[in-house]
Amino acid sequence: QGDHIKALEYFQRSLKITEEIGNKLVSASIMRNIGLIHYKQGNFPKALEYCKKSLVTTQEKGVLEKEKKSCQCLYDTYKAMGNGLEALVYIERIQVIDDSLNAVETAKTLQRMEFAKVMVADSLNHIAEDEKNLLIHEAELRKKSTTRNIALAGGLALLFLSWGLYNRSK
């Protein structure tokens with residue numbers, strides 16, 4: 001809402017609480033937000049201080065998305081200060097992180113595709129097995145039906161033969 005003083009006050013309180021409970025990753029996000037507020041206020045040394053602390057923590061934790069945000073804060077601050085060399089360091093780091101994130105996403109996509117492939121193959125195997133079982137069942141039914149029909153025809157033939165013999169002997 002534009003009230004940077006109030007925002008800083010609440011972020012400082014939040015930072016103290018997260019540091020007390022030992023949640024370093026949330027602390028890093030809060031430090032980056034404090035750095036961003038100092039950046040918006042033009043207090044670049046404080047912005048650098050907090051964004052660097054945030055960066056160290058995110059690197060320790062290995063969370064690339066948050067590390068990228070910390071680098072972005074540092075890039076913006078150095079750029080605003082007119083320090084192109086330092087800004088370049090962080091924009092290059094952002095590009096490296098983007099490449100890593102893209103590689104991770106590509107690996108996840110390939111993993112999902114491989115999983116889908118396995119699932120489709122498994123489904124096709126189940127369908128083939130079901131079709132095989134259905135054909136076996138149909139063959140068994142035909143065999144039973146044929147056996148029943150032969151028995152019925154034999155029984156009818158025996159009945160007609162017996163009836164014919166009975167009528168002949170009268």
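The following paragraphs go through a predicted model, from one of its helices to its disulfide, its salt bridges and a surface patch.

Helix α4 is a convenient place to start. The helix covers residues 64-81, and at 1.5 Å a residue its 18 residues should span 26 Å. The end C-alpha atoms lie 25 Å apart, which agrees with that expectation. Just after α4, G82 adopts a positive phi of about 85°.

Which residues of α4 are buried? They are E67, S70, C71, C73, L74, Y75, T77 and Y78. The buried residues of α4 pack against three other helices, namely α2 (24-41), α3 (44-61) and α5. Helix α5 takes in residues 84-169.

Two of the buried residues of α4 are cysteines, C71 and C73, and their situations can be taken in turn. C73 forms a disulfide with C51, with the two sulfur atoms 1.9 Å apart. This pair links distant parts of the chain, since C51 belongs to helix α3 and C73 to helix α4, 22 residues apart. C71, by contrast, is in no disulfide; the nearest cysteine sulfur belongs to C51 and is 9.8 Å away. A disulfide requires the sulfur atoms to be within 2.5 Å, so the 9.8 Å separation between the sulfur atoms of C71 and C51 does not qualify. The structure holds one disulfide. C51 has a relative accessible area of 0% and is therefore buried. C73 is buried as well, at 2%, and C71 counts as buried at 1%.

Salt bridges come next, and the model has six of them. One joins K68 and D98, whose side chains meet with 2.7 Å from N to O. Here too the pair links distant parts of the chain: K68 sits in helix α4 and D98 in helix α5, 30 residues apart. Are these two residues buried, partly exposed or exposed? K68 has a relative accessible area of 27%, so it is partly exposed. D98 is partly exposed too, with a value of 26%.

Other salt bridges lie within a single helix. In helix α1 (residues 4-21), E9 and R13 are four residues apart, which means that about one helical turn separates them. Their closest N and O atoms are 2.8 Å apart. Both partners are partly exposed, E9 with a relative accessible area of 32% and R13 with 47%.

A similar spacing is found in helix α3, where K53 and E49 are four residues apart and separated by about one helical turn. Their side chains meet in a salt bridge at 3.4 Å, N to O. K53 counts as partly exposed at 39%, and E49 is partly exposed at 31%. Why does such a spacing suit a pair of side chains? An α-helix has 3.6 residues a turn, so residues three or four places apart point the same way. The bridge between K53 and E49 is also part of something wider: salt bridges with shared partners join K46, E49 and K53 into one network.

The last feature is on the surface. L152, L156, L159, F160 and W163 form a nonpolar patch there, with about 580 Å² of accessible area together. One of its members, L152, lies in helix α5. L152 has a relative accessible area of 52%, and it is therefore exposed.

Definitions and conventions. Residues are numbered from 1 along each chain as its sequence is written. This is a predicted model: local features need pLDDT of at least 70, side-chain atom pairs count only at pLDDT 80 or more; totals for chains, interfaces and linings use all residues. Side-chain values use heavy atoms; hydrogens and water are left out. Patches are made of residues with over 30% relative accessible area and no salt bridge: like charges are joined within 9 Å, nonpolar side chains (Val, Leu, Ile, Met, Phe, Trp, Tyr) within 5 Å. Accessible areas come from the Shrake-Rupley method with a 1.4 Å probe; for residues, only the protein chains shown count as cover. A salt bridge is a side-chain nitrogen of Lys or Arg within 4 Å of a carboxyl oxygen of Asp or Glu. Buried means under 20% relative accessible area, exposed over 50%, partly exposed in between (1.4 Å probe, protein chains only). The expected span of a helix is 1.5 Å times one less than its number of residues. Contact means heavy atoms within 4.5 Å.
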